[in-house]
Amino acid sequence: IFIMKLLVILLFPGLITSCGGDSSYGLPPKLLLVSFDGFRADYLKNYDFPHLQNFIKEGVLVEHIKNVFITKTFPNHYSIVTGLYEESHGIVANSMYDEATKKHFSESNDKDPFWWNGAVPIWVTNELQENRSSAAAMWPGTDVSIHNTTPSYFMNYSHSVSFEERLSNITAWLSKSNPPVTFATLYWEEPDASGHKYGPEDKENMSRVLKEIDDLIGDLVQKLKMLGLWENLNVIITSDHGMTQCSEKRLIKLDPCIDHSNYSVIDLSPVAAILPKINVTEAYDRLKNCSPHMHVYLKEDIPNRFYYQHNNRIQPIILVAEEGWTIVLNASSSKLGDHGYDNSLPSMHPFLAAHGPAFHKGYKHSTISIVDIYPMMCHILGLKPHPNNGTFGHTKCLLVDQWCLKLPEAIGIVVGSLLALTILTGLIIIMQNRLSTTRPFSRLQLQDDDDDPLIG
Ligand SMILES: [Zn+2]
């Protein structure tokens, strides 16, 4: 029995360590959610990030986050904080139109709660808990009164506010204790802005921009340590989408196919939202053979895998450009990088890294969905999640208080079990040999019968 115990300890170290991770000591769990817009997953492999890699070394990394279609900023940021697909949370694009109310939504006209009230973001749920509050140094929707609630502390969105100012606000708020800020967001526009401007294949400019981002991550960690927040705070660093290279030579022009007076364009590229002024079928027929580099869908035919159909804000026809192609009316395009394309493209995926008492140290995971982040965050904060499209089980391996079977442990258990069985069989045979030395033939018989089924 002692040998068996020893075997178990030697073979299943993960089992022992994964049971002893609680370090919250009764303090309410705290979570800071950080987004660097447009941080494509493979930037991590192709560029140096000394500060971020240090963060990951002491925490966890999910190499690919499968985000939601359309792979744009507002929709994906809202999926992170609600766990819902776009058709369910209602932020279906950065530019929207609602036929029934004639309302328009854009990045600079986003304050009407009408657009956001289809879901309850995690900062609202957290805010409504007794003795807890939320804070936001920007994040789409945090300066809107969603279900009559904003974070207790927030900033009106302005791209001209420096990272330093956002960081000093968020750390000041996280230090407040009455009621304590337990959930906070921090948002930064890069590397998205530079990705659009230079294109992700511009190594020289992108390496400069990405080094700046790594330095900001260094500042973040240093500031949290300096203020004594680091040890008890859970920090998630993630993003909304990736970026792909575009070109002046890959333009899809709509004007030659359909007269502009025949439709309204609600959103243009790489996913165009078309509201026809003529018969929908007629408009569809004019667009369907417009370009071999663009899929044209009637709303009812949008592929199920996009989860992008059941919402009034999705227009009757959508055009989906092939990766790297840009939809224009007639003019040229100055964008060298873009996103919004099919969410199965790896170039559209962001990453996720996390650090803190809730997370393992030094663990890498290949992929989860962006909608899985929400139930994980609710679990960390002890909040009851609203109905959502995420799966908590997908993130169990990242968390210290969950038991999950990782591949090395699974192999260990299989090999260990076989080894234990073999030793047990051997011991039984030896014992029986010693006990029944007078009947050699029946003993041999027994040995044959026992061996085969147990080892095989
Ligand atoms: Zn962008």
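**Sheet and nonpolar cores of the predicted model**

In this predicted model, helix α5 (residues 73-82) lies across strands β1, β7 and β8 (233-238), and α5 runs at about 165° to β1. The three strands crossed by α5 belong to an open sheet of eight strands, arranged in the order β6-β5-β7-β1-β8-β17-β2-β18 with mixed pairing. Strands β6 (153-154) and β18 (363-369) occupy the edges, and each has a single partner strand, so one side of each is left without a neighbour in the sheet. Strands of a sheet pair through backbone hydrogen bonds, in either a parallel or an antiparallel manner. The pairing of β1 (residues 30-36) with β7 (residues 181-188) is parallel and extends over six bridges. Within this pair, Leu31 stands opposite Phe183 in β7.

The largest nonpolar core comprises 59 residues, of which Trp116, Ile122, Ile236, Tyr308, Ile318, Phe359 and Met377 touch the most other members. Two or more residues of this core come from each of β1, β2 (60-66), α5, α7 (122-127), β14 (317-321), β17 (352-355), β18 and α12 (373-381). Helix α12 contributes the most, with seven residues. Both domain 1 (25-245 + 342-398) and domain 2 (251-334) supply at least three residues each to this core.

The surroundings of one core member, Ile122, were examined further. When neighbours within four places in sequence are left aside, Ile122 is in contact with Val81, Phe183, Tyr374, Met377, Cys378, Leu381 and Leu383. Another core, of 45 residues, lies apart from the largest one; among its members are Leu44, Ala135, Tyr187 and Leu216.

How values were computed: Residues are numbered from 1 along each chain as its sequence is written. This is a predicted model: local features need pLDDT of at least 70, side-chain atom pairs count only at pLDDT 80 or more; totals for chains, interfaces and linings use all residues. Side-chain values use heavy atoms; hydrogens and water are left out. Two strands pair if DSSP finds at least two bridges between them. Helices (H or I, at least four residues) and strands (E, at least two) are DSSP runs, numbered from the N terminus. Contact means heavy atoms within 4.5 Å. Axes are lines fitted to C-alpha atoms, for helices over the stretch in contact, and angles run from 0 to 180 degrees between N-to-C directions. A nonpolar core is a set of buried Ala, Val, Leu, Ile, Met, Phe, Trp, Tyr and Cys residues joined through side-chain atoms within 4.5 Å. Buried means under 20% relative accessible area, exposed over 50%, partly exposed in between (1.4 Å probe, protein chains only). Domain bounds come from an automatic or database domain assignment.
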